[in-house]
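Work through the exercises below with the model open beside the text. Each task is followed by its solution in steps.

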Amino acid sequence: MSNDSFEGFLRPDGTVGVRNYVLLLSADFYSNLTVSWAANYLHGTRYMLSPVQEPIPGYDREIVERFLVNIGRHPNVAATVVLGLGPKTGFSDQGLWPIQLAEKIAASGRPVQLVTVEEEGGIHQAIGRAVEAARAMVIEASSIRRQRFGLGDLTLGVKCGISDPFSAVAGNPVVGYLFDRLVDAGGTALFDEKTEVIGAEHIVAQRFTDPATVKRFLSLVREEEEAAKSTGEDVRATNPNPVNKEQGISTLEEKSLGAIAKSGTRPIQGIVAYGERPPGKGLWFMDGWPASASLIPGLAAAGAVIPIFQMGGGSWPSDNPPFPQISSSAVAPVFYSTGNPRAHKRLESNFDFGCGTVVEGKESLDEAGERLISKILSVASGECTKMETLRFAQPALMPYRGPLL
Amino acid sequence: MVKRAMIINDKDTVAIVVDQIDIQADDMVIAEGRGRSVQLTAKQAVPFGHKVALVDIPAGAKIYKYGEVIGVASKQIQAGEHVHVHNIEGARGRGDLVDKEGLIR
């Protein structure tokens, strides 16, 4: 449908954002305090805390570098202030020096300013400098106008969690419908969770477009299962987790078969690393572990302008609980949906979308899918998500291979 | 009372309970979907969203949901029974079945 459009922001690198934030990015663990304090004084900003302090191997430092750079040049970000201890503090070999992060983000054409405690002569001076720089950026960014774009200009990502049986029959396939329409319109879609394809990998594998990737995908899943077995436990000790089981999911295979429905039905172009931007349009599988504090920000780093958290949610002990991921993606509004009619009624103040109607027989999957597309386009044009109204930052968890050295 | 359950695929041997089965037994359950309609007598309470057996399933038999195998019956299951962790085992990620040499026990 050609009238699927939204109003977004065109960036100098050609990406299309749905928000127009100035970002305060912490380049190292020491600067998290500086960043969160400075951000408190500023309208129009978001802040991302650094996830790294411990000495970690090169392949893990590479994950952190890719994550921070890709968050810093996210399509929803107009300009970035990078804060660090000093311009050349920390690990240099993977480009983790604050000055290197700033240069890589600036290569996207965005205004970037580096502020360090070392150069400013102390934390209070650094906060002052960051506030000054960010205020000028907020004013400059505020003159950027939204322009009309089509559904196919969006990049979306999905992670499912707190799953229950209605995730499989309503919540996930309705997101799958959105993904099919997005891919058909020329857009980009990301899904993930290699633990939660175990038992359903034969179905996912058929959808990769080239045989080499099929082999790689199956070997990733095999490694994941071997890792699970190496614990000496039945994987059911952890996955499905107690919440999934309470709601009626009995085995990992059952959970996986429901989880993959969120990817829709279109061909899968390839596998991207955690936080890596896909090299082309279409549907992509992102490698990573299922923790939401890792995957939601990872989807944002990969370029998702709205990460969707597709939840079961039947198990919450309260009608108004704190949801698992509030702002860990910082730069991209987290969108919560559910296919459980009871959860939607109980937790309407936290969910942006519900399709329990499918379970109740009041709406078809396609009708609910079209309703989801309208809602996503509205959020893309500026409508706030429920979590976006909260100002709170959590550092993202990185999927380190380790060891911690 | 008549309670509803949802059949997802033609091959399935379990259905999802949409109306909670509260009583101990004898609730009439109508499971429908994919052009199939199965009438069952509930053997026990089954919570909202949990699975009810559509047919008798012998111990060791594969259990189908979404038209795919979700596990194996760890004991004999009668049609109308609650199917969950007490009578279904997963076949994947079973580190508990692997000995020190990495072989299945």
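**Exercise 1.** State how many bridges join strand E13 of chain A to E14(A), and place the two strands in their sheet.

Step 1. Strand E13 (residues 335–338) of chain A is joined to E14(A) by two bridges, and the two strands run parallel. Strands (E, at least two residues) and helices (H or I, at least four) are DSSP runs numbered from the N terminus. Two strands pair if DSSP finds at least two bridges between them.

Step 2. Opposite Thr338(A) stands Gly354(A) in E14(A).

Step 3. The open sheet has seven strands in the order E10-E11-E9-E8-E12-E13-E14 (chain A), with parallel pairing. E10 and strand E14 (353–354) of chain A are its edge strands, as each pairs on one side only.

This is a predicted model: local features need pLDDT of at least 70 and side-chain atom pairs count only at pLDDT 80 or more, while totals for chains, interfaces and linings use all residues. Residues are numbered from 1 along each chain as its sequence is written, and chains are lettered from A and ligands numbered from 1 in the order in which they are written.

**Exercise 2.** Find which residues of H8(A) are buried, and explain why they are on the same side of H8(A).

Step 1. Helix H8 (residues 211–229) of chain A has 19 residues. From first C-alpha to last it reaches 27 Å, close to the 27 Å expected at 1.5 Å a residue; the expected span is 1.5 Å times one less than the number of residues.

Step 2. A residue is buried if 20 or more other C-beta atoms, placed from the backbone, lie within 10 Å of its own, exposed if 12 or fewer, and partly exposed in between. The buried residues are Phe217(A), Val221(A), Glu224(A), Glu225(A), Ala228(A) and Lys229(A).

Step 3. These residues are on the same side of H8(A) because they cover an arc of only 145 degrees around the axis. The arc is that of the directions from the helix axis to the C-beta atoms.

Step 4. Exposed residues Ala212(A), Lys215(A), Ser219(A), Arg222(A) and Glu223(A) are on the face turned away from the buried side. The cover over the buried residues includes helix H7 (201–205), strand E10 (268–272) and strand E11 (282–286) of chain A.

**Exercise 3.** Say how many residues of chain B are in contact with chain A.

Step 1. Contact means C-beta atoms, placed from the backbone, within 7 Å. By this rule 25 residues of chain B are in contact with 27 residues of chain A.

Step 2. Strand E7 (residues 68–73) of chain B gives the largest share of chain B's side, four residues.

Technical notes. Two residues are in contact if their C-beta atoms, placed from the backbone, lie within 7 Å.
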